[in-house]
Amino acid sequence: MGEEFWFAMPLPTNMSDRDVKITNAEVLDVPQGIEVIGYGAYNLEDTQGLPLIVPEGYPYTPKYREFKDYSKEGFTVKSKKVSDVFYVAHLRVTGKIQRNVSECRFEYRQGEVVYTQTLRCGLELRLKK
């Protein structure tokens, strides 16, 4: 208990003919035993790729706190492109975890219209015995 992890949410992909601005993302179904400390959005180049889940403090874990966090201002995903920026959830284990995370929600704007979209995002964490 007390261990912290960074969990990468799905990489935004814009399949439409117009640019979209991602304004927020969150894990929807946080199970008992996991606390969300916060969220951030970081550039793939800064993190040297998309680390799906990494423990805090390990040598190979990206130094998220040192990178620009795009979650505060949002970021644009060009038409027909995959984003260069991804969201992470900063998590802390607080007790026994009995189920997985399975859904994340993204909020975005296209022109003046605001949308929300729920996506599958799998995370399985368990305490060592």
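## Close-up views of a predicted model

**View 1. Leu-44 sits in helix H1, which covers residues 44-47.** Let's start here, keeping in mind that this is a predicted model. Along the chain, Leu-44 and Val-85 are separated by 41 residues, yet their C-alpha atoms are 5.8 Å apart in space. Which residues does Leu-44 touch, leaving aside those up to four places away in sequence? The contacts are Leu-11, Gly-49, Leu-50, Ser-83, Asp-84 and Phe-86.

**View 2. A nonpolar patch on the surface is formed by Leu-50, Leu-52 and Ile-53.** Leu-50 may look familiar, as Leu-44 touches it in the previous view. Together, the three patch residues offer about 250 Å² of accessible area. Ile-53 belongs to strand E5, which runs over residues 53-55. With a relative accessibility of 34%, Ile-53 counts as partly exposed.

**View 3. Thr-61 is found in the loop between E5 and strand E6 (75-77).** Is Thr-61 buried or exposed? Thr-61 is buried, because its relative accessible area is 5% and the cut-off for buried is under 20%. Follow its side chain and you will come to the backbone oxygen of Pro-55, at 2.4 Å. Thr-61 also touches Trp-6 and Val-54, and Pro-55 is again among its contacts, not counting residues up to four places away in sequence.

**View 4. Cys-104 and Cys-121 are joined by a disulfide.** The structure holds 1 disulfide, and here the S to S distance is 1.9 Å. This pair links distant parts of the chain, with the two positions 17 residues apart in numbering: Cys-104 lies in strand E9 (residues 101-110) and Cys-121 in strand E10 (residues 113-123). As a friendly reminder, a disulfide is a covalent bond between the sulfur atoms of two cysteines. Why is this one called right-handed? The torsion about the S-S bond of Cys-104 and Cys-121 is about 90 degrees, so the disulfide is right-handed. Both Cys-104 and Cys-121 are buried.

**View 5. A salt bridge brings together the side chains of Glu-26 and Arg-105.** It is one of 8 salt bridges found in a search of the whole structure. The N to O distance is 3.0 Å. Here, too, the pair links distant parts of the chain: Glu-26 is in strand E3 (residues 20-27) and Arg-105 is in strand E9, 79 residues apart. Strand E9 is also home to Cys-104 from the disulfide view. Glu-26 is partly exposed, at 25% relative accessibility, and Arg-105 is partly exposed as well, with a relative accessible area of 28%.

**View 6. Arg-65 forms a salt bridge with Glu-56.** How far apart are the closest N and O atoms of Arg-65 and Glu-56? They are 3.0 Å apart. Arg-65 is exposed, with 58% relative accessible area, whereas Glu-56, at 30% relative accessibility, counts as partly exposed.

**View 7. Lys-68 and Glu-73 form another salt bridge.** The closest N and O atoms of this pair are 3.2 Å apart. Lys-68 is partly exposed, with a relative accessible area of 43%, and Glu-73 is partly exposed too, with a value of 46%. Elsewhere, salt bridges that share partners tie Glu-4, Glu-35 and Arg-92 into one network.

Terms used: Residues are numbered from 1 along each chain as its sequence is written. This is a predicted model: local features need pLDDT of at least 70, side-chain atom pairs count only at pLDDT 80 or more; totals for chains, interfaces and linings use all residues. Side-chain values use heavy atoms; hydrogens and water are left out. A disulfide is a pair of cysteine sulfur atoms within 2.5 Å. Helices (H or I, at least four residues) and strands (E, at least two) are DSSP runs, numbered from the N terminus. Buried means under 20% relative accessible area, exposed over 50%, partly exposed in between (1.4 Å probe, protein chains only). Patches are made of residues with over 30% relative accessible area and no salt bridge: like charges are joined within 9 Å, nonpolar side chains (Val, Leu, Ile, Met, Phe, Trp, Tyr) within 5 Å. Accessible areas come from the Shrake-Rupley method with a 1.4 Å probe; for residues, only the protein chains shown count as cover. A salt bridge is a side-chain nitrogen of Lys or Arg within 4 Å of a carboxyl oxygen of Asp or Glu. A polar contact is a pair of N or O atoms within 3.5 Å; within protein, one must be able to donate a hydrogen and the other to accept it, and residues adjacent in sequence count only if both atoms are side-chain atoms. Contact means heavy atoms within 4.5 Å.
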